[in-house]
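Welcome, and thanks for taking a look at this structure. Below is a short briefing that starts with its aromatic rings and then moves on to the chain as a whole and a couple of its residues.

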Amino acid sequence: MTVLERELGARRVPGGYLLDCIAPDPESPGGDVFRMFSAPGTAPLEFAGPDTARILERGTLGGAEVVTLAPGPVPRLAPDPGALSPVAPETALFSGRNCLLGERNGESPAAVGDWLGWHRRVHGAGGAVILDRAPPEEAAVFAGALRERLAEAGCDDLVVVLLRAPIPLGKPGRGAEAHPFHAPDAPGKDRMTPPAPDPWRSALGLQSFHELVRWRFLARARAVAALDVTDLVPAMPGALGRLKGAPAVPAEATLFDQAVAAPQGTVLLRGRRAYPWGLRKGARAGHGDHTCLRFDDTSRHRRWCIAPDVAPRDAVWRMIRVVGAAVPMTYLGFYRCMAVRYGETGKEAAKVSRLVPKSSLVEAPALLGIAEEFGARPLRMPAIDPTPPEAQGDRVVAVTTMKNEGPFILEWLAYHRAIGVDDFLVYTNDCTDGTDTLLELLQHKGLVQHRENPFRGTGLKPQHAALAAAEAEPVVRGAGWIVCMDVDEFINVHVGGGRLEDLFAAVPRANLISMTWRLFGNADVTGFRDEFITRRFTRCAPVMTRKPHQAWGFKTLFRNLGIFKKLGVHRPKGLRPQLVDQIDWVNGSGRPMSETEWRNAWRSTAETVGYDLVTLNHYAVRSAESFLVKRERGRVNHVDRDQGLAYWFRMNNNAEEDRSIQARLPMAEAEFARLMEDPEIRDAHFRSVARHRRKIAELKTREDYAALYAALTGARLRRLSRLHRHFGAGVFLAGPDAIPDAVLNGTMPEDFFFTVPKRHTST
């Protein structure tokens with residue numbers, strides 16, 4: 001076992017640093033020239049006297065200059081005519097060997113030793129060049145520790161070069177790469193304090209590093225795998241994969257053999273991020289602790305393996321690809337051990353939950369096998385027994401929150417009772433229009449369950465507090481299906497007789513059904529009337545309405561199977577990843593929802609939107625008069641956001657007409673009439689209607705609300721409610737005043753588009 005320490009020959013030059021000048025190497029094909037590598041941002045090198053004529057090629061890699069000069073006398077730089085001291089290439093060290101090429105940025109000797117040992121045992125690696133990013137004095141200590149580690153592991157046949165630099169090579173202005181802030185999957189980055197700039201430990205800012213190492217050490221190697229010290233390539237054939245449409249190829253014995261056998265000597269490596277489920281307190285993470293993958297991760301890290309003698313001579317080695325060599329459609333997979341890479345802050349590992357949402361993790365058998373080969377004892381995911389579907393009934397419960405919605409309750413209740421909702425759990429707070437009185441009466445009649453919202457003193461928003469409290473309610477715990485929805489949302493089933501049982505029959509295996517909003521506007525209705533809103537308001541957004549972003553929000557009907565931990569406003573939250581294989585989630589057209597949507601999605605996309613089976617009609621504004629009351633009441637979830645002109649503009653969509661829900665109104669109206677036959681219910685409803693009217697009259701006497709009402713009913717906003725498809729996201733964030741009169745009133749093409757720069761808004 002040989003561990004050699006080498007240093008880049010960095011020296012100051014005008015405008016920056018020359019990192020290395022590599023002398024010619026006649027033994028290496030293409031190596032019989034001088035090669036000079038500058039640090040990023042350094043001014044172009046100037047040569048003294050006749051050396052300028054010897055320049056064969058000059059270019060840049062990632063902002064760092066690379067200059068090739070013909071052989072001859074040692075080059076001289078201007079304005080200092082002194083000769084350089086080129087470093088002699090040491091390609092003989094690795095001639096004919098399978099080699100690893102990577103960097104160390106704070107990883108422990110144990111982690112680097114395990115990385116070397118794994119690829120030696122599994123793939124026959126005989127050498128490695130590792131750029132140690134630590135300051136020189138720390139790098140020297142690490143070299144001694146790595147020698148001891150490799151000696152203990154019996155890696156006697158390895159040749160390792162630890163290459164260090166006398167200057168920092170990190171990206172300027174960036175903090176330590178190992179900080180969780182830089183972990184790609186880290187949740188809550190907006191709440192993290194970014195680490196202070198640290199050029200010694202920030203991510204590598206030298207794109208020419210691989211070419212430099214190639215000509216100084218590896219040009220004569222049999223094959224070279226560019227891998228970070230956190231990356232593990234599993235044994236063949238498990239590592240071998242094929243891109244779509246690629247033919248089958250033999251599974252050569254090792255990743256290095258794959259490169260040698262490739263037509264142009266180059267193989268693509270595609271890495272998945274791996275995580276531990278947990279780490280023991282105070283322990284530093286090792287490769288063998290990583291047993292989990294993100295089930296919803298579609299991204300891959302790119303690296304490569306190359307056989308220098310087979311690859312094109314003019315191919316250029318870069319960090320994530322080899323330029324100038326055709327890469328076959330086969331690839332080798334690897335695992336990037338994220339807690340080794342990002343989890344070490346000082347001497348203790350960061351919690352896994354700081355690196356990745358644990359609800360996204362599932363155990364991978366291949367990683368468990370790797371852990372076993374390492375002799376590791378990783379912490380395992382706790383087992384959860386799935387709840388068999390037959391353990392739950394078929395009753396459907398709707399959970400909702402209300403404040404001053406009295407005039408609209410009975411229609412919503414009657415409609416959803418008619419289409420198959422069995423139970424209603426309603427939370428209210430601070431009602432002044434009789435909403436709570438009516439709901440108490442309906443509870444007494446056995447029609448709903450009414451609760452006072454327990455949000456005070458919890459620090460939670462009213463809607464979130466209500467949903468948290470609802471989880472303990474027997475009516476929720478015993479439900480077969482649950483939906484969290486609002487009183488201005490109506491489930492519009494398009495199959496069979498329009499009942500929920502018809503929807504369930506259309507997707508019999510589904511246990512989650514997302515119902516995308518279709519935003520219904522005020523249909524130019526200004527005055528409040530005690531009528532069904534589902535009959536009165538028929539104007540809405542087009543089906544393919546991508547903006548504003550609220551247009552494709554959805555609510556989700558879901559089976560009560562314990563797959564998720566808690567209720568959520570738009571969908572259940574807190575996925576139990578052990579049960580991820582139990583999910584059968586479809587959109588409103590019955591098509592499967594992508595795994596990438598399962599944990600956090602709350603709105604549809606162009607790929608997931610669907611209305612064929614079910615739509616959620618969202619009557620967010622109703623009449624202009626009722627909107628005054630809604631604005632004065634405030635929002636139940638975003639309590640700190642005003643519902644003024646910008647909200648009306650976003651949610652008031654009158655571009656098209658849709659009356660499909662009216663096919664269900666005869667049965668809803670029959671149920672409404674039955675409820676109104678009860679004199680107590682009828683009187684409570686009429687009292688709420690009267691209070692709503694009085695509130696409207698009161699608000700219209702106030703100067704600010706009178707001005708708002710005039711704007712809501714004016715010609716400008718009326719016209720805008722039919723033009724949403726022409727506006728970009730920035731317009732909806734800025735509000736209607738961002739639209740010039742020339743755009744609104746001018747003669748615009750049928751397909752015109754207008755937007756403004758995006759900015760934050762609280763409305």
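**Aromatic rings at a glance**

Counting rings of Phe, Tyr and Trp whose centres lie within 6.5 Å, we arrive at 17 aromatic pairs. Please keep in mind that the model is predicted. The notes below take up some of these rings and then turn to other features of the model.

**A stacked pair: Phe649 and Phe732**

- The ring centres of Phe649 and Phe732 are 5.1 Å apart and their planes meet at 20°, so this pair is stacked, since planes under 30 degrees apart count that way.
- Phe649 belongs to helix H15 (residues 645-651) and Phe732 to helix H20 (residues 729-734), so the pair links distant parts of the chain, 83 residues apart.
- Phe649 has a relative accessibility of 2% and therefore counts as buried, because the cut-off for buried is under 20%.
- Phe732 is buried too, with a relative accessible area of 2%.

**An edge-to-face pair: Phe727 and Phe752**

- Phe727 and Phe752 form an edge-to-face aromatic pair, with 6.3 Å from centre to centre and 70° between the planes.
- This pair also links distant parts of the chain: Phe727 is in the loop between helix H19 (715-720) and H20, while Phe752 is in the segment after helix H21 (741-745), 25 residues away.
- Both Phe727 and Phe752 are buried.

**A cluster, and charges over rings**

- One aromatic cluster is formed by Tyr415, Phe490, Phe520 and Tyr619.
- Over the ring of Phe408 sits the charged end of Arg622, 3.7 Å from the ring centre.
- Tyr705 has Arg631 over its face, at 5.5 Å from the ring centre.

**The chain as a whole**

- The protein chain has 21 helices and 34 strands.
- Measured out along the principal axes, its C-alpha atoms fill a box of roughly 105 × 60 × 50 Å.- Of the 763 residues in the protein chain, 56% are buried.
- Among contacts in the protein chain with a separation of 6 or more, 77% are between residues 24 or more positions apart.
- About 31,000 Å² of the protein chain is exposed, and carbon and sulfur atoms supply 51% of that area.
- The protein chain carries 99 positive and 89 negative side chains, and the centres of these two sets are 2 Å apart.

**Two residues in one loop: Gly175 and Ala186**

- Gly175 lies in the loop between strand E9 (159-164) and helix H3 (209-218), and Ala186 is found in the loop between E9 and H3.
- With a relative accessibility of 4%, Gly175 counts as buried.
- Gly175 and Pro197 are 22 residues apart along the chain, and their C-alpha atoms are separated by 4.0 Å.
- Leaving out residues up to four places away in sequence, Gly175 touches His182, Pro195, Ala196, Pro197, Asp198, Arg201 and Ser202.
- Ala186 is buried as well, at a relative accessible area of 10%.
- Again leaving out residues up to four places away in sequence, Ala186 touches Pro180, Met192, Arg354, Leu355 and Val356.
- From Ala186 to Val426 the C-alpha to C-alpha distance is 36 Å, and the two are 240 residues apart in sequence.

Definitions and conventions. Residues numbered from 1 in each chain as written. Predicted model: local features only at pLDDT ≥ 70, side-chain atom pairs only at ≥ 80, totals over all residues. Heavy atoms only, no water. Phe/Tyr/Trp six-rings, centres within 6.5 Å; stacked < 30°, edge-to-face > 60°. Helix = DSSP H or I, 4+ residues; strand = E, 2+ residues; numbered from the N terminus. Buried < 20%, exposed > 50% of the residue type's maximum accessible area, 1.4 Å probe, protein only. Lys NZ or Arg CZ within 6 Å of the ring centre and 35° of its normal. Contact = heavy atoms within 4.5 Å. Areas by Shrake-Rupley, 256 points an atom, 1.4 Å probe, with all protein chains shown as cover. Lys, Arg positive; Asp, Glu negative; His and termini not counted. Charge placed at Lys NZ, Arg CZ, Asp CG, Glu CD.
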